Amino acid sequence: MNTTYFAEIILPLSLDGTFTYHLYEEDLQQIKVGQRVAVPFGTQKLYTGVVHSIHQNKPELYKTKAIHAFLDNEPLVTQTQIKFWEWMSNYYMCSLGDVFRNAFPSALKLESQTFVRLINAEFSAIDELNDYEFLVFEALKLRQIISVEEAALIVDEKSAIPTLKLLIDKGIICLDEKLSEKYTPKIDNYVKIHPDLKGNDQAFIAILDQLNKAPKQRETLLQLITLETQLQGKPLKVADFVKQGATNAVLKSLAEKGAVEIYQFQTSRVEGKEEETSEISQLTLKQNEALTQIKTQFVDKSTVLLHGVTSSGKTEIYLKLMEQVIAKGNKVLYLLPEISVTTQIVHRIKKHFGDKVGVYHSKFNQNERVELWQKTLNGDFDIIIGPRTALYLPFDNLGMIIVDEEHESSYKQMDVKPFFHARDMAMLLGGLMNAKVLLGSATPSAESYYNAINQKYGYVELNERFGNIKLPEIKIVDLKKAQKEKEITDDISHILRDEIVEQLKDKKQVILFQNRRGYAPIMECNTCGHTPECPNCDVSLTYHKFSNQLKCHYCGYVQAKPIRCPSCGSHELNTKGIGTEQIEHQVQAIFPEAKVRRMDVDAMRGKFAYEKLIEDFENHEIDILIGTQMITKGFDFGNVNFVGVIRADSLLNFPDFRAHEKAFQLLTQVSGRAGRRQEQGKVLIQSFQAEHQILQNVTTYSYAPTMKDILYERKEFLYPPFTRLINLRFKHKNKERLDKTAEQLVTLLKASFESRCLLGPEAPSIGRINNLYIADVMIKIRPNQSPQKVKDLIRQKIEQLHTISAFRSVRIDIDVDPV
Ligand code: ADP
Ligand code: ZN
Ligand code: ZN
């Protein structure tokens, strides 16, 4: 074989780089960059990859294999996406395959589960088949479709793929994409009067006569006639008809008698409810000024930070901007921290832009993901709304990326590689696609604010609420004093209680914020002080009263609540600390008449739990809503004038250099839920540290002074934005080996960094999760250093570390720009 062309393929592997395959002449006719291909890798495995590039550089060191099959005629991935992935893999120090795996819907990645289908069952030149081909051919005649894995059972592992390839070449079988892709379009049943009866009165009367003995069926048929007239040609779903009284059994009988026809057709999974669209509101003078400033600054800045107080109408400004971008023929990506809690915003956008809006829901299943991917590729949407992973969609012609609530830490991906930050990647993608990036927040992150005041970004402020309503009046309740004066019942001070009474009297709804879920963070034995801990992690278990269980919030471990202390046998087990569940109980006890509900991850299981709760709240079926941070994100309810914070202390005492920034943001955002429509709202924050500077600053809305202090400290102690951080997280089940490995790497790195810039190894606040011990090594990159060089150095030193086999078993996760 003497082909001279080769393709680089991206495979979903944690190995560096792309993989080379040779191309046959006929391959050259159809291959395109971004196309999906099936390729063998290793001895037996078949993978789906994406064509990265085509070239003529024959690899010297190894023998290349051929591409097994082309899975589509057209690329599913754009060249810009490939560039984006490469950039991410380099910046976040992971393999291109890691990015590919995270970016590409897994339903489109065929692996050993690839299926083949018989297309020429009449094939009769059996003599032309070798033994293996014959066996597979026979199996297919029985079954029509088999997977690569099953073929390997019929022949042998190594011969499966070549055999299938030969059969494909002979035109006897083909790769069955429809089945092998887990994607199946959603099919719905529809019903209509049987076409034979249309305009044929005689036949119709005959059927009606026949139905005289079946009054239910007769009635249903007549109802269908009425409905069809009302629908004026629009198809009627069986499910909808059933809602109006028909039953499936009756429809089935009618179909058997030839009275109706039940037929199927594919409906989109991604489409939401259809809604009437309406005009975008007129902007107020202030909002218009802000809009003009944003546009002016975009002339020479690619990123603008919109710093607008809560309820100033940032969303209204986004709507106007989107309209203008779309009018120019461009698309908009609207990023949100967590889509599930922001159905309200999705609603507001859909109201104006209708079905040109694509929503990427983090709870979407694989099929829905594929559909959205394909629709984006087709350019079916003007606006895509989604959480951080929406950045991965195959956009074309992107004109603007809006990063709403840009300070939110959920923009950082922490569970799977790449550990990327969506705000930063939005700017990168914006650069690649020539799209402007608008960051918006009432409490911008220290990093963005710093970049704005240093003119790296444009900066636009909006200081007044829509309707010129004053920002809520925020007061601190001193819990120490309340306890001393017995002005508190359990955890609800009497000031807070009285305020809630007033609100309920006025028929207002109340939001209460508590940062912890569960009933009580800690269970403690009164006799010996023992606290039940997770057997797999170094954390105490959280007591959940509703299920009467102790749960680990890190690994998911669950046990029944013990009746006696496991250590001394005492019955006196007590709880310490408070979670949302306990507050719910306390509040319900104080207000037995009120409808109290809870919003936290425990209460929000299930696909539409958020939507349901938000609807209930809007319909005033909830008087008091108790929630964790979830309630802070973009909630816009008109009937809430008062917000209470049960305990601010855990926010203030968190051991992290971002603790103060986060506490300020969170408390300001929670407060921002109050008084959004008519009158000035009120907020009460309970705390044992009433004098804390951050709390004082929250009450006076002193954002800039808070940031000044924070930035001063960051500079002093070498934290971002004055340095860039890279955290190396070591994990291993054996603590000794973990520590030795981490120390060894530090020894290797020492010469290249000043001691203030190389910290650890150190156990994080939770030193063991899921039976793996953890150690962190933190590297600070100063502005005069090249981040790329530091990364190269780290890679090189890890390689050096790995020359000693004992160190290789310790996993190292590299987190660039940790939050
Ligand atoms: P933000 O995003 O800054 O928190 P919103 O855009 O949610 O603020 O605005 C707060 C409330 O005020 C919303 O209910 C919104 O509909 C309303 N609002 C803001 N600006 C206007 C406007 N120009 N016309 C009508 N309603 C407005
Ligand atoms: Zn005990
Ligand atoms: Zn655990």
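Is Cys-568 buried, partly exposed or exposed? In this predicted model, Cys-568 has a relative accessibility of 38% and therefore counts as partly exposed, since the buried class ends at 20% and the exposed class begins over 50%.

Cys-568 is one of the protein donors of the zinc ion (ligand 2). The donor atoms are the SG atoms of Cys-525, Cys-528, Cys-565 and Cys-568, at 2.3 to 2.4 Å from the metal. The angles subtended by these four atoms run from 106 to 112°, so the arrangement is tetrahedral. For four tetrahedral donors the ideal angle is 109.5 degrees. Along the chain, the donors have the spacing C-x2-C-x36-C-x2-C. Distant parts of the chain are linked in this way: Cys-525 belongs to strand β24, whereas Cys-568 lies 43 residues away in the loop between β27 (558-560) and β28 (573-576). Cys-525 has a relative accessibility of 2% and is buried.

A second group of cysteines is taken from the UniProt record, where an unreviewed entry places the feature "binding site" at Cys-534, Cys-537, Cys-552 and Cys-555. These positions span 22 residues of sequence but cluster in space, with a largest C-alpha distance of 8.7 Å.

Cys-534 is located in the loop between β24 (522-525) and β25 (542-544), and Cys-537 is also placed in the loop between β24 and β25. Cys-534 is buried at 2% relative accessibility, and Cys-537 is buried at 0%. Beyond four places in sequence, the contacts of Cys-534 include Cys-552, Cys-555 and Arg-768. With the same exclusion, Cys-537 is in contact with Cys-552, Tyr-554, Cys-555, Arg-768, Ile-769 and Asn-770.

Methods. Residues are numbered from 1 along each chain as its sequence is written. Chains are lettered from A and ligands numbered from 1 in the order in which they are written. This is a predicted model: local features need pLDDT of at least 70, side-chain atom pairs count only at pLDDT 80 or more; totals for chains, interfaces and linings use all residues. Side-chain values use heavy atoms; hydrogens and water are left out. UniProt positions are given in the numbering used here, feature names are shortened, and annotations may be inferred rather than shown by experiment. Helices (H or I, at least four residues) and strands (E, at least two) are DSSP runs, numbered from the N terminus. Buried means under 20% relative accessible area, exposed over 50%, partly exposed in between (1.4 Å probe, protein chains only). Contact means heavy atoms within 4.5 Å. Donors are N, O and S atoms within 2.8 Å of the metal (3.2 Å for Na, K and Ca); water is not among the atoms, so sites may look incomplete. Four donors count as tetrahedral if all angles lie between 85 and 135 degrees; four count as square planar and six as octahedral if opposite donors are over 155 degrees apart and all others between 65 and 115; anything else is irregular.
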